[in-house]
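Student: Please take me on a close look at one part of this model, the buried interior. I work with coordinates every day, so give the cut-offs as you go.

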Amino acid sequence: MNTETKIKTEAVAQKTQRITGSEAIIRCLIEEGVDVLYGYPGGAIMPVYDELYKFRDQIHHVLTRHEQGAAHAAQGYARISGRVGVAMATSGPGATNLITGIADAQIDSTPIVCITGQVASHLLGSDAFQETDIVGISTPVTKWNHQVTKASEIPEVIAKAFYIAKSGRPGPVLIDITKDAQFEEFDFSYSKCTGIRSYNPIPKTSQESLEAAAALINKAKKPLIVWGQGVILGKAENELKAVIEKAGIPSAWTILGASALPTSHPLNVGMVGMHGNYAPNKLTNECDVLIAIGMRFDDRVTGDLRTYAKQAKVIHFEIDPAEVDKNVKTDIAVLGDSKVSLAGLLPLLNANSHPEWLQEFKDLYDIEFEKVIKHDLHPVKEGLTMGEVLKEINAQTKGNAAIVTDVGQHQMIACRYADFNITKSNITSGGLGTMGFGLPAAIGAKMAAPDREVISISGDGGYQMTIQELGTIFQTKVPVKIVVLNNDFLGMVRQWQQLFFDKRYASTEMANPDFVTIAKGYYIEAKRVTKREELADAVKEMIASKDAYFLEVCVEKEDNVFPMIPSGASVSDIRLS
Amino acid sequence: MNEDIKTFTISIYTENNIGLLNRISAIFQRRHINIESLTTSQSEIEGVNRFVIVVNITEDQAKKVVKQIEKQVETIRAYYHTDEQTIFTESCMFKIKSALLFEEPQIQNIIKESNTTIVTVNKEFFVLEKSGRRHEIEALRRDLNAFGIMQFVRSGRIAVTKDEMKITEMLLAFNNQ
């Protein structure tokens, strides 16, 4: 047999042209529709930067202030747009600085392509200046990676990189290109990759699995849907809505699934997980059929697996076969792309409603409102809460903003209380929990969706992990709105210390700088709010600003995020205080 | 799910690419699974490599590991099998002082009875090679150890399955798409 066909490409008859490897890299990016990339120059990638200079009318390079910022910006770009984000760095420390963003993209299934320069191929393995084995280092945190040592490999490898990053379950790809390959001349032509023989990105959805799933759902008295980012990545928001509405199923979301269905939808019962809503967590252990769609049963969602939904039949709609039965044993697995599988499910479902079951969610919501939400959104005590800042942002953006968060208490509050009318509006580091994600991700998001209001919300801890990206904002004039909810603490860790370590606040209190002065140092308009009566006007001013704007809100120092499922506890044991 | 730890032979068909060994071994390392043996070679299909990895894990772990391996872009297919589902063998070599052949006539009997092949003999040493199951090789090593072994080396397991693998069909299907 002929086994030579390892990859398939679009049949594009292109005349070849003799160019350098570095010019080829830029042309490949342009062919893939890249309009902006994020990066930082250095020795081993300089030939490519020289080409970027020549092609500056066609492709916009954003100089971040740290390579980690470049990777997160590429992620933000990808998450809001569904397109592939691109980051570039030099060899050695430039490349290793990308790793946190790459690991984040891997665990949150974000399509990014990272291009790193490498020392010349004759120096590989010689401990040359700024040489590091980035292919080895990045292997466990990339969907695919590859080292290029010859210019002639560049078109095929970059075509594969984009195809792999965005197809199937998306993820990060790293391409490492030696400096001699960047200088070398070769005959260039480009065609996009459309298939790789060893790689089956989307498993086929079987009709039997759909029929079995529909039969279970049609019989269910207390069905519960929990959807995740798979719905957003599969562009299946409409299909999800149709399924939910036809079968009348209360539906909850994981943190990365947020915004796929508007917050205000009557069947949207909130977030599951450690700091999710009371009702969907509690009732996970009451439902008779649990329908998981494009989610992976993360431990922050399930709590103790031995007591998770044991009473329920579990149906898992999933694109990645490795996720099926990984954490939760499923009764029916429906493999495939969520858009295809949900569209296939819809005609098999009976029109239905479950008013009594839905009432249980409402009753538990009322309890959560009394015990938690009232305190967060309608505080009567003096100190500002994080929740009321979100409430004000909701009111003034009408729920149409994209919220980019960092990691910690503010993140949980933002995900719990932000109103989402538009899909792809919750950009946050879910799986990896990367502090410092928010600010650079917001830069990428705003550039990919300039017409949207993009609000970066961080805590005082995470903000300072990538605070230098204020420089990128100043230089590019990208009008992101930056909110820091400052409690002078690493709040989430402090909360755990309070609850589980007898208030021994080891290294969680922060002596913070004057954030307003720092923002102003970067020529960014800035304001600080310390009193409730100042909040509405300050948020209004921020939203109205045509330019970037920084708003610090000094909030209650020792407030806690509830509900909370203590680590390793059952979802039934969710605490309200 | 069966929680007993058993020996599984994991067979992986892959593209022949630099770095893939690293990617596959990382899947085991990350789950704290010790690899008992690992062999890679050309497979029956031109340009397709085959890994044979032996691990002692539960069947649940084996299933999950195989799925993670299959998820890798350059893995064509991966399978796991029990010892009963495979035909397998290992191979070993011994380097022994030539003088012993004459001083210890028993060695000649051991060689004959164990179906061991003499690869080479010279004035200083001779080299034996044997293929077989682990216990046969171990028995031979114990027997020869009594006389002194200069060098001993054993390969990883190689195995073929009793069932068909259907890789060729899969690759043909890709070509005909």
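**The buried interior**

Tutor: Of the 577 residues in chain A, 56% are buried, where buried means that 20 or more other C-beta atoms lie within 10 Å of a residue's own (12 or fewer makes it exposed, anything in between partly exposed, and C-beta atoms are placed from the backbone). Happily, we can work inwards from there. This is a predicted model, in which local features need pLDDT of at least 70 and side-chain atom pairs count only at pLDDT 80 or more, while totals for chains, interfaces and linings use all residues. Residues are numbered from 1 along each chain as its sequence is written, and chains are lettered from A and ligands numbered from 1 in the order in which they are written.

Start with the frame. Chain A holds 22 helices and 22 strands, counted as DSSP runs numbered from the N terminus (H or I over at least four residues for a helix, E over at least two for a strand). Its radius of gyration is 24 Å, close to the 25 Å of the globule rule for 577 residues, so chain A is as compact as a globular protein of that length; the radius is taken over C-alpha atoms, and the rule is 2.2 Å times the number of residues to the power 0.38. Along the principal axes, the C-alpha atoms of chain A fill a box of roughly 70 × 65 × 40 Å. Among contacts in chain A with a separation of 6 or more, 78% are between residues 24 or more positions apart; a contact here is a pair of C-beta atoms, placed from the backbone, within 7 Å.

Now the core itself. The largest nonpolar core has 179 residues, and A:Ala87 and A:Val113 have the most contacts inside it. Such a core is a set of buried Ala, Val, Leu, Ile, Met, Phe, Trp, Tyr and Cys residues joined through C-beta atoms within 7 Å. Helix H6 of chain A (residues 154-166) gives the largest share of this core, 9 residues. Beyond four places in sequence, the contacts of A:Val113 are A:Val84, A:Val86, A:Ala161, A:Phe162, A:Ala165, A:Val173 and A:Ile175. Another core, of 23 residues, lies apart from it and includes B:Tyr13, B:Ile57, B:Ile76 and B:Ala159.

Burial also takes in polar side chains. A:Gln68, in helix H3 (residues 67-81) of chain A, is buried because 28 other C-beta atoms lie within 10 Å. Leaving out residues up to four places away, A:Gln68 touches A:Asn97, A:Leu98, A:Thr100, A:Gly101, A:Gly436 and A:Thr466. From A:Gln68 to A:Pro321 it is 253 residues in sequence and 31 Å in space, C-alpha to C-alpha.

Helix H17 of chain A (residues 438-448) is mostly covered, with 11 of its 11 residues buried; A:Lys446 is one of them, as are A:Ile443 and A:Met447. For residues 406-553 of chain A, an unreviewed UniProt entry lists "domain: Thiamine pyrophosphate enzyme TPP-binding"; UniProt positions follow the numbering used here, feature names are shortened, and annotations may be inferred rather than shown by experiment. That span is 41% helix and 16% strand, and its end C-alpha atoms lie 15 Å apart.

Finally, set chain B beside this picture: 28% of its 177 residues count as buried. Its radius of gyration is 20 Å, where a compact globule of 177 residues would have one near 16 Å.

Technical notes: Two residues are in contact if their C-beta atoms, placed from the backbone, lie within 7 Å.
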